[in-house]
Amino acid sequence: MRGSIHHLDLTVKDPWASRDFYAAVLGFMGYREVADHERGFDYDRDGPEGFCSIGIMKAQGPNAGRAHDRYSPGLHHVAWTAESREDVDAMHALLQEIGATILDPPADYPRYGEGYYAVFFADPDGLKLEYVFKPRR
């Protein structure tokens with residue numbers, strides 16, 4: 001698992017306002033909430049492919065209230081691996097069910113590689129997220 005991501009912290013304006021969104025999306029992918037603290041909460045996923053933790057943290061500092069701009073220095077987007085095209089479609093259905101912002105519905109994106117199939121969406125603060133299936137060769 002050398003080089004895999006161990007943990008990722010995302011800063012949001014209000015973690016508790018985003019909690020239902022992240023509980024649904026991360027829960028769908030097999031993450032479970034493991035900590036709730038004064039700055040936010042953490043989700044962990046541990047399986048045969050390795051461990052990963054995602055923290056949803058309260059933004060702080062002079063820019064804490066600004067809107068997210070993925071084209072400024074910092075995070076552009078996060079993409080998670082789906083098991084199949086049907087898995088991407090199931091995520092899309094979940095996103096519709098919870099009223100999430102869909103940036104691009106499930107589609108083929110051949111410019112990213114053969115078989116690349118993804119849905120792009122945003123969290124309540126406008127962070128761009130992606131759920132993608134790309135067949136292994």
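Me: Which residue does R19 meet in a salt bridge at 2.6 Å, N to O?
Reply: Happy to start there, with the note that this model is predicted. A salt bridge needs a side-chain nitrogen of Lys or Arg within 4 Å of a carboxyl oxygen of Asp or Glu. For the side chain of R19, a distance of 2.6 Å from N to O meets that cut-off, and the partner is D36.

Me: How many residues apart are R19 and D36?
Reply: R19 sits in helix α1, while D36 belongs to strand β2. The pair therefore links distant parts of the chain, and the separation is 17 residues.

Me: Is D36 buried, partly exposed or exposed?
Reply: Buried means under 20% relative accessible area and exposed means over 50%, with partly exposed in between. D36 has a relative accessibility of 48%, so it counts as partly exposed.

Me: With which residue does E33 form a salt bridge, and which helix holds that partner?
Reply: The closest N and O atoms of the pair are 2.5 Å apart, and the partner of E33 is R19. E33 lies in strand β2 (residues 32-37), so its bridge ties together parts that are 14 residues apart in sequence. E33 itself is partly exposed, with a relative accessible area of 35%. The partner is R19, and its helix is α1 (residues 15-28).

Me: How many salt bridges does a search of the whole structure find?
Reply: Besides the two pairs above, the side chains of D108 and R85 meet at 2.6 Å, N to O. D108 is in strand β6 (residues 101-108) and R85 in helix α2 (residues 85-97), so this pair ties together parts 23 residues apart in sequence. The search of the whole structure gives a total of 3.

Me: Which residues are joined into one network by salt bridges that share partners?
Reply: R19 pairs with E33, and the side chain of R19 also meets that of D36. Through these shared partners, the network joins R19, E33 and D36.

Me: Which element gives the largest share of the largest nonpolar core?
Reply: Nonpolar side chains tend to be buried together in soluble globular proteins. Here the largest nonpolar core has 29 residues, and Y22, W80 and Y131 touch the most other members. Several elements each supply at least two residues of this core, including β1 (7-12), β3 (40-47) and β7 (117-122). The largest share, 5 residues, comes from α1.

Me: Which residues does W80 touch, not counting those up to four places away in sequence?
Reply: W80 is among the core members that touch the most others. Leaving out residues up to four places away in sequence, its contacts are L26, M29, Y31, I54, L129, E130, Y131 and V132.

Me: Which residues lie nearest the centre of the largest pocket?
Reply: About 880 Å³ of space lies in the largest pocket. Its lining divides into 16 nonpolar, 3 polar and 6 charged residues. Strands β4 (50-58), β5 (77-81) and β8 (128-133) each supply at least two of them. Of the 25 lining residues, those nearest the centre are Y31, R45, E49, W80 and T81.

Me: How much space lies in the second largest pocket?
Reply: The lining of the second largest pocket divides into 9 nonpolar, 6 polar and 5 charged residues. The space in this second largest pocket is about 350 Å³.

Technical notes
Residues numbered from 1 in each chain as written. Predicted model: local features only at pLDDT ≥ 70, side-chain atom pairs only at ≥ 80, totals over all residues. Heavy atoms only, no water. 1 Å grid on protein atoms, 1.4 Å probe; cavity = no way out; pocket = protein on both sides within 12 Å on 5 of 7 lines; lining within 4 Å. Points joined across faces, edges and corners; volume = space filled by probe spheres on them. Helix = DSSP H or I, 4+ residues; strand = E, 2+ residues; numbered from the N terminus. Nonpolar A, V, L, I, M, F, W, Y, C, P; charged D, E, K, R; others polar. Buried < 20%, exposed > 50% of the residue type's maximum accessible area, 1.4 Å probe, protein only. Core = buried A, V, L, I, M, F, W, Y, C linked by side-chain atoms within 4.5 Å. Contact = heavy atoms within 4.5 Å.
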